[in-house]
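User: Please take a close look at a single part of this model and then work outwards from it. I would like one connected account rather than a list.

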Amino acid sequence: MKTKFLILGAGPSGLSFAESLLRNGESDFVLLEKENEAGGLCRSKDVDGTPLDIGGGHFLDVRRPKVCELLFDFMPRDEWRQYERDSRIRFDQYELHHPFEANIWELPEDKQKYFLDSIAKAGCNTGKEIPEKFVDWITWKLGDAIADTYMLPYNRKMFGDNLNELGIYWLDKLPNTSYEETLKSCREKRAFGTQPGHAKFFYPVKYGYGEVWKRMGDHLGERLHLEEPVNTIDFEKREVMLDGGRKISADYIIVTVPWRSMAFSGAPHSVMQAVGKLSHTSIEVTYHPEDMDTDAQWIYYPDESLDHHRILVRKNFYPGAKGYWTETRSERFKDDGSLENFHMEYAYPVNTLDKPAAMEEILGFARQNNVFGIGRWGEHNHYNSDAAVERAVNLADTLSN
């Protein structure tokens with residue numbers, strides 16, 4: 001079989017790339033997906049009468065209007081409800097809104113002083129040189145108190161004990177609040193500083209977030225091939241091998257699946273080594289039927305005595321829903337079999353020290369052979385779905401033109 005564009009993975013990146021090809025007049029493509037439905041990490045299942053997003057919490061950010069317009073073509077605007085983000089951090093007997101440093105004012109005054117004094121001594125406020133190690137950078141940026149209370153234990157729960165295996169190149173993703181703004185927020189009792197992602201977001205009125213991706217997949221018709229895992233990419237022949245020895249060749253191959261999930265043929269040793277350096281975390285999403293008395297939509301837990309690192313309270317973004325779900329790194333998960341649970345092998349790319357060089361090696365070689373990586377897994381970057389869609393649309397526009 002031969003096609004012009006062969007797209008691997010029917011998550012938000014692959015689906016949006018395929019849809020953009022259609023809109024650009026390109027119909028000669030095939031989209032392969034190993035699961036029995038489209039959506040990737042953004043799939044939803046009906047659990048206890050209402051939807052649960054089995055890949056963790058996923059929402060449509062309002063900040064990319066072109067992305068929203070694209071998705072509204074499949075699920076019209078009146079099928080979405082807009083929310084103001086309410087995410088919180090629980091530690092000891094306290095709870096405050098996220099991000100931590102912007103909401104210290106919600107704590108008792110003695111605790112405010114404790115954190116403010118620490119921030120004032122942080123390296124970024126005293127002129128110290130920017131450190132190169134992750135743990136040192138967190139302390140340099142936020143001070144000992146926030147680092148030890150929240151950031152370091154939370155990241156250990158997410159990524160493991162040796163945090164210095166992580167780079168610091170991705171930390172511009174963190175909300176930025178200066179000491180002066182933190183002090184001002186404590187005096188005026190309101191948050192200052194940069195708002196985090198999903199400060200305003202859309203969520204479907206009657207469905208889980210997976211519904212919009214399912215509809216997009218349905219729109220592709222026979223061009224979407226479900227239950228078709230890719231075994232091998234042959235870069236020299238520009239083809240992929242499927243189960244049973246079947247092969248599909250293409251002018252362009254678009255990779256939105258994890259590079260480590262496939263074997264390679266025709267790739268130099270340096271590329272194979274680079275792929276071997278890529279790391280990821282797996283998660284368990286577990287449904288709990290009891291209700292929580294909170295208005296928060298999701299809550300972060302740095303307490304390392306708890307297995308899970310966050311909770312999503314679905315009644316607060318899906319009215320009438322029951323219960324909540326926890327998200328836990330698989331290595332920390334203790335399953336007694338009593339609760340409904342969903343395993344996601346590839347959940348988060350890990351930003352290790354050598355990841356940038358590894359991805360430059362992989363993507364540079366791939367592009368020479370008309371193979372392009374895009375999205376969370378194609379670029380091994382923690383993009384939210386809206387960012388992944390935007391990048392996929394831009395690549396499709398470039399290649400189809």
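Analyst:
**From one loop outwards**

Asparagine 351 sits in the loop that runs between strand 19 and helix 10, where helices (H or I, at least four residues) and strands (E, at least two) are DSSP runs numbered from the N terminus. The model is a predicted one, in which local features need pLDDT of at least 70 and side-chain atom pairs count only at pLDDT 80 or more, while totals for chains, interfaces and linings use all residues. Residues are numbered from 1 along each chain as its sequence is written, and side-chain values use heavy atoms, with hydrogens and water left out.

With a relative accessible area of 8%, asparagine 351 is buried (buried means under 20% relative accessible area, exposed over 50% and partly exposed in between, with a 1.4 Å probe and protein chains only). Once its neighbours within four places in sequence are set aside, asparagine 351 is in contact (heavy atoms within 4.5 Å) with Glu165, Leu166, Gly167, Tyr169, Trp170 and His380.

On one side of this loop lies helix 10, residues 355-368, whose axis comes within 8 Å of that of helix 9, residues 269-276, the two crossing at roughly 130 degrees; axes are lines fitted to C-alpha atoms, for helices over the stretch in contact, and angles run from 0 to 180 degrees between N-to-C directions. Helix 9 and helix 10 are therefore oblique to each other (under 35 degrees counts as roughly parallel, over 145 as roughly antiparallel, 65 to 115 as roughly perpendicular and the rest as oblique). Helix 9 brings Ser270, Val271, Ala274 and Val275 to the contact, and helix 10 meets them with Ala358, Glu361, Ile362 and Phe365.

On the other side of the loop lies strand 19, which belongs to an open sheet of seven strands in the order 8-7-16-17-18-15-19, with mixed pairing (two strands pair if DSSP finds at least two bridges between them). Strand 8 (94-97) and strand 19 (341-350) stand at the edges with a single partner strand each, so one side of each is left without a neighbour in the sheet. Between neighbouring strands of this sheet the turn averages 25 degrees, direction ignored. Strand 15 (residues 279-288) pairs with strand 18 (residues 324-329) in the antiparallel sense over six bridges, and tyrosine 287 stands opposite tryptophan 325 in strand 18.

Isoleucine 283 has its place in strand 15 and, at 1% relative accessibility, counts as buried. Leaving out residues up to four places away in sequence, isoleucine 283 touches Gly55, Gly56, Glu327, Thr328, Arg329, Ser330, Phe342, His343, Met344, Ala347 and Tyr348. Its C-alpha atom is 20 Å from that of tyrosine 150, the two residues being 133 apart along the chain.

At the opposite edge of the sheet, strand 8 leads into a loop before helix 3, and proline 99 is placed in that loop. The peptide bond from histidine 98 to proline 99 is cis, with omega near 5 degrees. Most residues other than glycine have a negative phi, and most peptide bonds are trans. Helix 3 (residues 109-120) and helix 7 (residues 179-188) have axes that come within 10 Å and cross at roughly 165 degrees, which makes helix 3 roughly antiparallel to helix 7. In this pair, Gln112, Leu116, Ile119 and Ala120 of helix 3 meet Tyr179, Thr182, Leu183 and Cys186 of helix 7.

Further from the starting point in this account is a second open sheet, made of three strands in the order 5-9-6 with antiparallel pairing. Its edges are strand 5 and strand 6, each with a single partner strand, so one side of each is left without a neighbour in the sheet. Five bridges join strand 6 to strand 9 in the antiparallel sense, and lysine 200 in strand 9 is the bridge partner of glutamate 84. These strands also take part in covering helix 2 (residues 65-72): its residues Val67, Cys68, Leu70, Leu71 and Phe72 are buried, and what covers them includes helix 1 (12-23), strand 5 (60-61), strand 6 (80-84), strand 9 (200-204), helix 8 (210-220) and helix 12 (385-400).

Two other loops deserve a word for their backbone. Aspartate 48, in the loop between strand 3 and strand 4, has a positive phi of about 60 degrees although it is not a glycine, and it is partly exposed at 36% relative accessible area. Strand 3 (residues 44-47) and strand 4 (residues 50-53) run antiparallel and are joined by four bridges. Arginine 238, in the loop between strand 11 (230-234) and strand 12 (239-242), likewise has a positive phi, near 50 degrees.
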